[in-house]
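Me: I would like to learn how to read a model like this one, feature by feature. Can we take the parts in turn, with the general idea first and the case after it?

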Amino acid sequence: MILHADLLDDASLLEADVCVIGGGPVGLMLALRLIEAGQRVLLVESGEDWDDARCQDLNVGSSEGLWAGNLRDIRLRRLGGTMHAWGGNSRPLDPEDLVVRPWMARSGWPIGWEELLPHLRAAHDALDLGPWCYAPAEPALWPDPDFEEILFRLSPDLPGPTAAYRGEFAALHRVTLDRATGLTVLLGATVRHLPRSPNGLAVVAAEAMTFRGKALRLRARGYVLACGGIEAPRLLLASGITGGTGDAAVGACFMEHPHGLAGLLLAPRQIPLRPFSPGLLDAGVAVQHRWRLRPEVQAREALLNLSFQLVAAEMLPSEDDKYAAAFAALEATVPDPAGWRRYYVTFLSEQEPRPESCVTLGPGTDFFGMPQARLVWRLSARDGCTVQRATRLLARGIFGGSGFRFHDRVPDSLEAWPIGWGAHHMGTTRMGEDPAHAVLDRDARVHGLENLFVAGSSVFPTAGMANPMLTALALALRLGDHLADRLPGMAMVPEPAGPSRRAWA
Ligand SMILES: Cc1cc2nc3c(=O)[nH]c(=O)nc-3n(C[C@H](O)[C@H](O)[C@H](O)COP(=O)(O)OP(=O)(O)OC[C@H]3O[C@@H](n4cnc5c(N)ncnc54)[C@H](O)[C@@H]3O)c2cc1C
């Protein structure tokens, strides 16, 4: 049932097995898995079923360091979440992203690739990505010891009257959300506090408010934050759940996927761009080819994961492209031999997890009195070094001795370069076995709290270079299975005695 919270009485109490906070793709995928497993689910969504300026205003926050986009607008507060705006680019994290890399502080996931794989495949199918294939079948155009060719796949637009954009789950699963037994989707209810039991070891409720001033109390055996990589730490911090110190602090280790222009390639003839153009089809699904730094080269050179793409100059930049100035500057300095073709080389990189890149609470408050988020995005020397060194390897390897001219444009400090962001908000509630270095355990449960879990890309301990949606959905499915196993043995934590509350049926 989809229900608007303003239709409920003030001070209503709602109960379920699991309370999922956030109706974006991750929250929806988790809720669907839980009801499949017979759990009663209350999914609480702050937004409406449409774009609403007042709801978007709840996302307002402040930023410092590198520009990662306007916080108000880079997440969507509505049923379906930011999936209404996403690009559909999909690829799982690479297996070696999950292992400990001795040259990278805080690397290593508490779960391995093999354990994640069945969930990745299920998420891949949910995004309608065609065959499970992330490497091109045809031989590499330019075989190279340092780079391998890889594929990204594009989640397709849905045909039909829903006209849903790239697998937008709220539209895709509308009938289930509205009619499934055991599921209540509550719209227009913003969770702003998670009170804890007197011993501090469990959450006893999620307190939500509506714009009409209705206060709601949501009770469950388990609570899952699925409200995105900035709102999850914000809600935890606003509830006084701060985690440990350093990398174990809630909000620490914020990671994005820095991307930008690596250089301009001049070729005396047209390059057969087939393996490098977006829009190419593999079994009906559009794919995009890239060159990825091989894992053994990452290890040899102590670098992070990174990939490059070659784009015909006429396809970039558009008038409003955020790199327009960088492209223009590059164009102005590079000679234009008659008849030669021009190609841009762009990079997409992993960033190292470091506590000083973080989400904290800012001084302002939103409509409901909740402190706003403050985002500090910072890159490290290793982040810069990865892009510079990989670009040089590309220049020497694939582009060296080819008769091409490659004009490398990566400066010494990445912070001096127009760095793009992807609205990929990762790492702010990282998973790890050791509570001294992680906010969550291997089951995405908040260390020290028996019934509070987090779903979404904020749980990633490291970011890899692939877009996060597919892996975030896989982790949500894994969490769904875990909760379905664990909940039958979990009791609802009693509330401390207080004024009696009216039950809602
Ligand atoms: C322009 C753009 C393009 C992108 N392209 C890609 C791409 O190509 N590939 C890719 O993998 N990723 C892409 N992303 C990122 C991707 O969209 C996000 O990673 C994904 O949407 C995260 O899903 P989520 O469910 O965790 O969070 P969201 O989609 O942000 O959903 C969170 C939900 O929680 C709700 N919520 C928040 N706070 C509360 C609260 N306190 N109480 C109740 N509800 C709350 C929100 O209203 C929202 O509905 C893109 C993002 C943008 C902006």
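Me: Against which strands do the buried residues of H6 pack?

Reply: Burial is judged by counting neighbours, and a residue is buried if 20 or more other C-beta atoms lie within 10 Å of its own. This is a predicted model. The buried residues of H6 pack against E8, strand E10 (215-225), E16, E17 and strand E19 (452-454).

Me: Which residues of H6 are buried?

Reply: Glu231, Ala232, Pro233, Arg234, Leu235, Leu236, Leu237 and Ala238 are buried. That is eight of the eight residues of H6, so the helix is largely enclosed by the rest of the structure.

Me: How does H6 lie relative to E16 and E17?

Reply: H6 lies across E16 and E17, and the helix runs at about 65° to E16. After H6 comes Gly240, with a positive phi near 80°.

Me: What is the strand order in the open sheet of three strands?

Reply: To read a sheet, list the strands by who pairs with whom. Here the order is E4-E17-E16, and the pairing is mixed. Strand E4 (61-65) and strand E16 (358-365) are the edge strands, each pairing on one side only. Neighbouring strands of this sheet are turned against each other by 30° on average, with direction ignored.

Me: In which sense do E16 and E17 run, and how many bridges join them?

Reply: E16 and strand E17 (residues 371-377) run antiparallel and are joined by five bridges. For a point of register, take Leu361, which stands opposite Ala373 in E17.

Me: Which strands pair with E15?

Reply: Strand E11 (residues 259-267) pairs with strand E15 (residues 341-349) in the antiparallel sense, over eight bridges. Strand E14 (residues 306-312) also pairs with E15 in the antiparallel sense, over seven bridges. The register can be read from opposed residues: Leu261 faces Thr346 in E15, and Ala312 stands opposite Tyr343 in E15.

Me: Which residues come nearest to the ligand?

Reply: For a ligand, start with the residues around it and then ask which elements supply them. There are 39 residues around the ligand, and Gly22, Gly24, Gly81, Gly87 and Met469 come nearest. The elements that give two or more residues to this shell are helix H1 (25-36), strand E5 (89-90), strand E8 (190-193), helix H6 (231-238) and helix H10 (469-486). H1 gives the most, with three residues.

Me: How do the residues of the shell around the ligand divide into nonpolar, polar and charged?

Reply: The shell has 16 nonpolar, 18 polar and five charged residues. Glycine is counted as polar in this scheme.

Me: Which stretches make up domain 1 and domain 2?

Reply: A domain need not be one continuous stretch of chain, as the assignment shows here. It gives domain 1 as 1-61 + 71-127 + 168-255 + 424-495, and domain 2 as 131-166 + 258-349 + 380-418. Their centres, taken over C-alpha atoms, are separated by 33 Å. The contact takes 20 residues from domain 1 and 19 residues from domain 2. On the side of domain 1 that touches domain 2, E5, helix H3 (113-126) and helix H4 (169-172) give two or more residues. The residues of that side divide into eight nonpolar, six polar and six charged.

Me: What is the sign of phi in Ala302 and in Ala444?

Reply: Phi is positive in both, although neither is a glycine: near 55° for Ala302, and about 65° for Ala444. Ala302 is in the loop between helix H7 (295-301) and E14, while Ala444 is in the loop between strand E18 (405-408) and E19.

Me: Is each of these two residues buried, exposed or partly exposed, and why?

Reply: Ala302 counts as partly exposed because 14 C-beta neighbours lie inside 10 Å. Ala444 has 26 such neighbours and therefore counts as buried.

Me: Is Asp485 buried or exposed?

Reply: Asp485 lies in helix H10. The residue has 11 C-beta neighbours inside 10 Å, so it counts as exposed. Asp485 and Arg405 are 80 residues apart along the chain, and 58 Å separate their C-alpha atoms.

How values were computed
Residues are numbered from 1 along each chain as its sequence is written. This is a predicted model: local features need pLDDT of at least 70, side-chain atom pairs count only at pLDDT 80 or more; totals for chains, interfaces and linings use all residues. A residue is near a molecule or strand if its C-beta atom, placed from the backbone, lies within 6 Å of it. Helices (H or I, at least four residues) and strands (E, at least two) are DSSP runs, numbered from the N terminus. Two strands pair if DSSP finds at least two bridges between them. Axes are lines fitted to C-alpha atoms, for helices over the stretch in contact, and angles run from 0 to 180 degrees between N-to-C directions. Two residues are in contact if their C-beta atoms, placed from the backbone, lie within 7 Å. Domain bounds come from an automatic or database domain assignment. A residue is buried if 20 or more other C-beta atoms lie within 10 Å of its own, exposed if 12 or fewer, and partly exposed in between; C-beta atoms are placed from the backbone.
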